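Okay, thanks for coming, everyone. Let me put the model up and then walk you through the parts I've been looking at.

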Amino acid sequence: MSDMTLTHTAQADVADLSYPTMRQIMRHQAAQFELPLAEDGAARVAMRTMIGLLALEPLDREGVRLLVHAETARDLSILRENFISQIAAMFPDVARGVRWSDAPAAGVRPSEFQFAEVLEVRDLCADFLRVSLQLAQWETFDDGSIHFRFALPAPDNTDPDWPVMMPNGASKWPEGEKALHRPVYTIRALDRSTGRVDVDIFRHEGGRTMTWAESVAPGTRVALTGPNSSGVPTARHLLMLGDETAFPAMARIAETLPPEARIEMTCLTHSGQQDYPMAPRPGTIPHWIAPEEAEEAGRSMIARHLERPGSMLWIAAERDLTRRLRAHAAEKGYVKSDHYLAAFWTRSETAG
Ligand SMILES: Cc1cc2nc3c(=O)[nH]c(=O)nc-3n(C[C@H](O)[C@H](O)[C@H](O)COP(=O)(O)OP(=O)(O)OC[C@H]3O[C@@H](n4cnc5c(N)ncnc54)[C@H](O)[C@@H]3O)c2cc1C
């Protein structure tokens with residue numbers, strides 16, 4: 001993405017923030033999320049993200065100018081919301097009062113929010129249900145955008161509230177008893193001509209999404225937001241390790257990459273089941289492992305990745321395992337573009 005294509009721009013002048021403080025915060029964010037700083041000076045600091053550029057400039061009088069640059073109106077809205085939520089985490093009153101140059105419409109639904117219709121639910125294999133949905137809008141869902149969030153009301157909430165945009169460009173989500181459960185899922189398959197998507201839901205204890213899916217009737221509407229912009233890797237040699245929550249993403253990636261791409265696939269199964277339908281590819285045979293083998297398998301994959309320049313490492317599993325493997329990868333001097341190492345779920349404190 002070149003700066004020339006970032007034609008959608010918005011700015012907001014905020015008197016109650018100081019440039020030196022905000023500059024420090026942006027530097028910290030850049031380091032935390034491994035995002036590059038495009039500029040870092042006394043007159044402007046700017047951070048690149050996957051979908052655009054966020055910048056800060058000091059005002060002549062007290063205060064700071066927030067600037068957002070993106071390729072599309074939708075990306076601008078997402079970036080702006082991220083900007084506001086970062087500010088809100090530290091200065092909630094200031095964040096509420098921010099007003100943008102392009103005055104985004106207030107009271108409407110966030111642009112990435114929609115209602116889909118449940119078409120079908122069926123058993124896919126021992127541990128998974130497949131839910132097919134008809135999206136209302138799917139022009140922003142493409143081969144590179146494979147994740148989204150459900151927005152599920154609590155089962156006893158028969159009169160749900162839905163999110164609305166606020167004048168500061170942030171969305172306001174219902175809270176308390178009306179709060180929506182918003183887990184991330186993978187679009188296992190997307191028919192771009194009809195907007196039909198398949199989502200594979202792993203059956204685990206206490207899973208609210210599985211409970212919803214098991215009882216939902218075809219024709220029911222379901223709220224979701226997306227797509228999220230994590231993307232499909234394009235490497236010619238991919239080393240993948242994931243548990244059940246990652247199987248749909250691994251299958252989708254295996255299906256999307258060209259035939260000449262080489263994929264090594266290690267599947268971590270907690271129940272011992274090995275019947276999830278991975279997309280078949282000549283030369284790729286899923287290697288199934290048990291939880292006690294996972295850390296060693298991850299370390300060995302990291303070592304193989306290091307021996308093969310141009311390969312990409314892709315690991316997605318429970319948070320603690322990914323943390324340990326991320327620490328191991330960091331010791332080996334990994335750089336961000338080289339690997340994807342993501343927590344797809346978090347074991348609860350009380351779980352054994
Ligand atoms: C990018 C991304 C893509 C994902 N894609 C998929 C997908 O396609 N299919 C899929 O099934 N999941 C997927 N997940 C994982 C999913 O978001 C989490 O498992 C989420 O917690 C599920 O919500 P829930 O409503 O089932 O359970 P919650 O109500 O959030 O959690 C209830 C309890 O279940 C526990 N729990 C959550 N996940 C698991 C698990 N896998 N095994 C055991 N216990 C668990 C929690 O710790 C909690 O105690 C994805 C996650 C990410 C980040």
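Quick definition before anything else: two strands count as paired here if DSSP finds at least two bridges between them. And keep in mind that this is a predicted model.

With that in hand, look at strand 15, residues 237-243, and strand 16, residues 262-268: they pair in the parallel sense, over 7 bridges. If you want to find the register on screen, Leu238 sits opposite Ile263 of strand 16, and Met240 stands opposite Met265, again in strand 16.

Now zoom out to the sheet. What order do the strands come in? It goes 17-16-15-18-19, an open sheet of 5 strands with parallel pairing. The edges are strand 17 (287-289) and strand 19, each pairing on one side only. On average, neighbouring strands of this sheet are turned by 15 degrees against each other, ignoring direction.

Is strand 15 enclosed or open to the outside? Well, 6 of its 7 residues are buried, so strand 15 is largely enclosed by the rest of the structure.

Next, my favourite residue here, Trp314, which lies in strand 18, residues 311-318. The cut-off for buried is 20 or more other C-beta atoms within 10 Å. Trp314 has 24 C-beta neighbours inside 10 Å, so it counts as buried. Which residues does Trp314 touch, if we skip those up to four places away in sequence? You get Pro233, Leu238, Leu239, Met240 and Tyr340. Take Met240: it's 74 residues from Trp314 in sequence, yet the two C-alphas are 4.7 Å apart in space.

Okay, domains. The chain is divided into domain 1 (3-97), domain 2 (113-228) and domain 3 (237-345). Between the C-alpha centres of domain 1 and domain 3 there's 34 Å.

And the ligand, where does that go? Domain 2 and domain 3 both give residues to the shell around it, so the ligand lies between them. There are 25 residues around the ligand, and the ones that come nearest are Pro183, Thr186, Phe202, Gly207 and Ser348. As for elements, the ones giving two or more residues to that shell are strand 11 (184-186), strand 13 (196-202), helix 4 (208-215), helix 5 (247-256) and strand 19 (339-345). So strand 19 turns up twice in this talk: as an edge of the sheet, and again as part of the ligand shell. By class, the shell has 11 nonpolar, 10 polar and 4 charged residues.

That's it from me. Over to you.

Notes:
Residues numbered from 1 in each chain as written. Predicted model: local features only at pLDDT ≥ 70, side-chain atom pairs only at ≥ 80, totals over all residues. Near = placed C-beta within 6 Å. Helix = DSSP H or I, 4+ residues; strand = E, 2+ residues; numbered from the N terminus. Nonpolar A, V, L, I, M, F, W, Y, C, P; charged D, E, K, R; others polar. Domains from an automatic or database assignment. Axes fitted to C-alpha atoms, helices over the stretch in contact; angles between N-to-C directions. Buried ≥ 20, exposed ≤ 12 C-beta atoms within 10 Å, placed from the backbone. Contact = placed C-beta atoms within 7 Å.
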